[in-house]
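Please walk me through this structure, starting with the chain as a whole and then turning to one pair of packed helices.

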Amino acid sequence: MEKFVDIYQFTHFRKYLEEYQAARAKTDPNFSRTGICNMLGLPKTRSYFADVLRGKKVSPRMVAKFIEILELDKKEARYFETMVELDQAKSEAARANAMEALLKFRPGDNNTLNSDAYEYYSHWYHSAIFAILDALDIQNDFTPIVKQIFPKVSLGKVKDSIDLLVRLGIVRKNEEGFYKPTKESISSGPYNNDQLVRQYQLQCFELSKQALLSSSKTPHVMSTMVFSISSEAYKKLEEEMQNFKAKTRRIISEDKAKANSVYHMNLHLFSNLEKEEK
C-alpha cells in the first residue's frame, strides 16, 4: 500500500493532513479537498477539510473517519490519534504526555539526513534557509530572503541552496506555489561526530560572534558563565542541557502560530582544564 507521505515525520496532524492530501491528489484526482468531505460522509459541507487545516476541532468520530480514508494501519492510526490529542490538549500536562507518546511511537529519527546528503552541512545558510522558508512565503522570487537573511548571502547562493533542499526532498512547493519544508526539523543523526558536521558547528559559532558584534535590533540573548564544579555536578549540568534541548524541541513542535522569524541557538559547555595523563 502506498503511504504517499511518512506520518512519523509529523507532530502536527493538520500539517500531515495537508501534505498527505497534496501528495495523494497527484495520483488520485478524487482525493481533492472536496472529495475528502464526501469520503468523510459530509457531502453538503465542502469546506470541512479546509476548516480542519485552519484549526477546526476534530471530534473522535471524525478522527476515526480520517483514519479510515487515510488507510492507516493500527500503529499509524494510534499515532494519528495521539497527534490529534496533542493538538487539542487542554492542559500543559496533557500536551507533555501526548508529545512523549509521539516520540515513543516513532520508529527512529525520521528527520535525519543520510550520510550522502551532507552537502546540507557544508554551509550554515542551508539550515537557515530551510527554516526561513517556513517563516516566509517564497515562490520564484528569492529577493526577500536575500534582503532579510543574517549574515548576508548572495542571490546565487540562495538559489543553489533551495535547489539543494528540493533535491534532498526536505522542501517542496505547496498548492499555493510556495516553497515549504516537508519536515519539521533536521538532524545529523548518528553522523553527528563527522568532521563535516564539526565544520558546520564552527560556522554556527562564528555566527554567534557576528550576532554579538552586530548593531542589529533583532532579538538576541547572549550569556556567558565560567565556574568550577565537581565531576558529579558536571554530569548533572550535562543532563539538564539535554532536558532543555528536549523541552525546546517540544515548544517548537507545539507552536501552532505561523512562524514569523528564525532563531539560531548554540549551547556550549567545555572545560578550561586538560585532564592530566596518568
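Eleven helices and two strands make up the secondary structure of the chain, which is a predicted model. Following the sequence from its start, the order of these elements is α-α-α-α-α-α-α-α-α-β-β-α-α. The two strands thus appear one after the other in the pattern, with nine α before them and two α after them.

The chain has 278 residues, and 36% of them are buried. Its accessible surface amounts to about 17,800 Å², and carbon and sulfur atoms account for 52% of that area. As for contacts within the chain, consider those between residues at least 6 apart in sequence: 64% of them join residues at least 24 apart.

One helix pair can be followed in detail. Helix H4 covers residues 60-69 and helix H5 covers residues 74-88. Their axes come within 10 Å and cross at roughly 140 degrees. Angles over 145 degrees count as roughly antiparallel and those from 65 to 115 as roughly perpendicular, so H4 and H5 are classed as oblique to each other. The handedness of their crossing is right-handed.

Which residues bring the two helices into contact? On the H4 side they are Val-63, Phe-66 and Ile-67, and on the H5 side they are Ala-77, Phe-80, Glu-81 and Val-84. Sorted by class, this contact contains six nonpolar residues, one charged residue and no polar ones. The charged residue is Glu-81, contributed by H5.

Note on methods:
Residues are numbered from 1 along each chain as its sequence is written. This is a predicted model: local features need pLDDT of at least 70, side-chain atom pairs count only at pLDDT 80 or more; totals for chains, interfaces and linings use all residues. Side-chain values use heavy atoms; hydrogens and water are left out. Axes are lines fitted to C-alpha atoms, for helices over the stretch in contact, and angles run from 0 to 180 degrees between N-to-C directions. Helices (H or I, at least four residues) and strands (E, at least two) are DSSP runs, numbered from the N terminus. Angles under 35 degrees count as roughly parallel, over 145 as roughly antiparallel, 65 to 115 as roughly perpendicular and the rest as oblique. A crossing is left-handed if the near helix is turned anticlockwise from the far one by less than a right angle, and right-handed if clockwise. Contact means heavy atoms within 4.5 Å. Buried means under 20% relative accessible area, exposed over 50%, partly exposed in between (1.4 Å probe, protein chains only). Accessible areas come from the Shrake-Rupley method with a 1.4 Å probe; for residues, only the protein chains shown count as cover.
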